[in-house]
Amino acid sequence: MSIKDWPEGERPREKLLERGAGALSDAELLAIFLRTGIPGKSAVDLARELLADFGGLSGLLAADQRRFCEGKGLGTAKYAQLQAVLELSRRYLLTRISGQDVLTSPEATRDYLKLRLYGSPHEIFACLFLDNRHRVIVYEELFRGTIDGASVHPREVVRRVIQTNAAAVIFAHNHPSGVAEPSQADLRITQRLKEALALIDVRLLDHIIVGDGDGTSFAERGLL
C-alpha cells in the first residue's frame, strides 16, 4: 500500500506536522527525506531496509559517497541533499554556541562536537578555541589518525592557540568503536596538553570523547 493510502495520522509527513519531528522513528524521518519509495516498497519500507543495510542511522549518515549511492533508491542527488542537511545542522549548532559562553550551553556544545566527529572510521582530535569570555573563536580538526588512535603533538596545539589568540580551549576526539571511555593514552595526552597550555596561561576547560550516547566529559568525571 502506498503511503498516500495510509490513514492520515500514520503518514510520516502529516505525523511530523501534527506531533513534531521527535515523535517519528528513524525510518519515518528517513522516509520524509527519501520522499518516494521504489516499485513494491513504500518510502518507509525502503527506509527500514536502508537502515538495516547500513547498520542504523549513524552508518547511513557517515557513509561515503560510493557506499551511500550503492543503497536502493539513493544516488548522487540524494547524497548531495544529505550532505547539505548535515552541514546546515552543524552550522545551526555552531550559531547556538558562538557569541555566548559555551559553559552556559554544554548540551549544544556536545551536540555540535558529536555532529562533527561521530561516525568517522578514523580517530580525529579537534579543538574549540575560545576567547576570554569562553566564546567560540574557531573550531578546528587538528590531527587525524587511524582507527587505533591519533598522534597528538602538544607543540602544534600550543602554536595554534597562540595564532588564534585563544584564552581557553575545549578538546574533543572520537572513538570509532563507539565506546566513549577514556583510555590511559587519552588521560596521558590530556595531562600533557594541560601542562603545556598552563605555560602560556591558557585554560583547558574540558576534553570530550565522542562515541555512542552522550559521550564522556573529562571535566564532569573530575579528570582535569
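A cavity is a set of grid points where a 1.4 Å probe fits but cannot get out. In this predicted model, the count comes to one cavity of 30 Å³ or more, and the largest cavity has a volume of about 40 Å³. Its lining is made up of Arg110, Lys114, Ile208, Ile209, Val210, Gly211, Gly213, Asp214 and Gly215. Two elements, α7 and β4 (203-210), each give at least two residues to this lining, and β4 provides the largest share, with three residues. By character, the lining of the largest cavity splits evenly into three nonpolar, three polar and three charged residues.

The open spaces come next. The largest pocket has a volume of about 1200 Å³. Lining this pocket are 41 residues, and those nearest its centre are Leu61, Leu86, Arg90, Leu115 and Tyr118. Several elements give two or more residues to the lining, namely α2 (26-34), α4 (57-62), α6 (76-97), α7 (106-117) and β2 (136-144). Nonpolar residues number 23 in the lining of the largest pocket, alongside seven polar and 11 charged ones.

Helix α7 is worth a closer look, since it appears in the lining of the largest pocket and in that of the largest cavity. With 12 residues at 1.5 Å a residue, α7 should span 16 Å, and its end C-alpha atoms are indeed 16 Å apart, so the expected and modelled spans agree. Its buried residues are Ala108, Thr109, Arg110, Tyr112, Leu113 and Leu117; one of them, Arg110, also lines the largest cavity. Just after the helix, Gly119 takes a positive phi of about 95°. Tyr112 can also be placed relative to helix α6, which holds Ser89: the C-alpha atoms of Ser89 and Tyr112 are separated by 8.4 Å, although the two residues are 23 apart along the chain. Ser89 itself counts as partly exposed, because its relative accessibility is 29%, between the limits of 20% and 50%.

Turning to the packing of nonpolar side chains, the largest nonpolar core has 20 residues, and Leu30, Leu34, Leu50, Phe68 and Leu74 have the most contacts inside it. Helices α2, α3 and α6 each supply at least two residues of this core, with α3 giving the most, seven residues. A second, separate core of 19 residues includes Ala108, Leu130, Leu205 and Ile208. Two of these residues link back to the regions described above: Ala108 is among the buried residues of α7, and Ile208 is part of the lining of the largest cavity. Within the largest core, Phe68 offers a detailed example. Leaving aside neighbours within four places in sequence, Phe68 is in contact with Phe54, Leu60, Ala63, Leu74, Gly75, Lys78, Tyr79 and Leu82. Among these partners is Leu74, itself one of the core residues with the most contacts.

Finally, the backbone has positive phi values at residues other than glycine. Arg35 has a phi near 75° and is placed in the loop between α2 and α3 (43-54). Arg35 counts as exposed because its relative accessibility is 65%, which is over the 50% limit. Asn165 likewise has a positive phi, of about 60°, and is found in the loop between α8 (154-164) and β3 (168-174). At 63% relative accessible area, Asn165 is exposed too.

Conventions
Residues numbered from 1 in each chain as written. Predicted model: local features only at pLDDT ≥ 70, side-chain atom pairs only at ≥ 80, totals over all residues. Heavy atoms only, no water. 1 Å grid on protein atoms, 1.4 Å probe; cavity = no way out; pocket = protein on both sides within 12 Å on 5 of 7 lines; lining within 4 Å. Points joined across faces, edges and corners; volume = space filled by probe spheres on them. Helix = DSSP H or I, 4+ residues; strand = E, 2+ residues; numbered from the N terminus. Nonpolar A, V, L, I, M, F, W, Y, C, P; charged D, E, K, R; others polar. Buried < 20%, exposed > 50% of the residue type's maximum accessible area, 1.4 Å probe, protein only. Expected span 1.5 Å × (residues − 1). Core = buried A, V, L, I, M, F, W, Y, C linked by side-chain atoms within 4.5 Å. Contact = heavy atoms within 4.5 Å.
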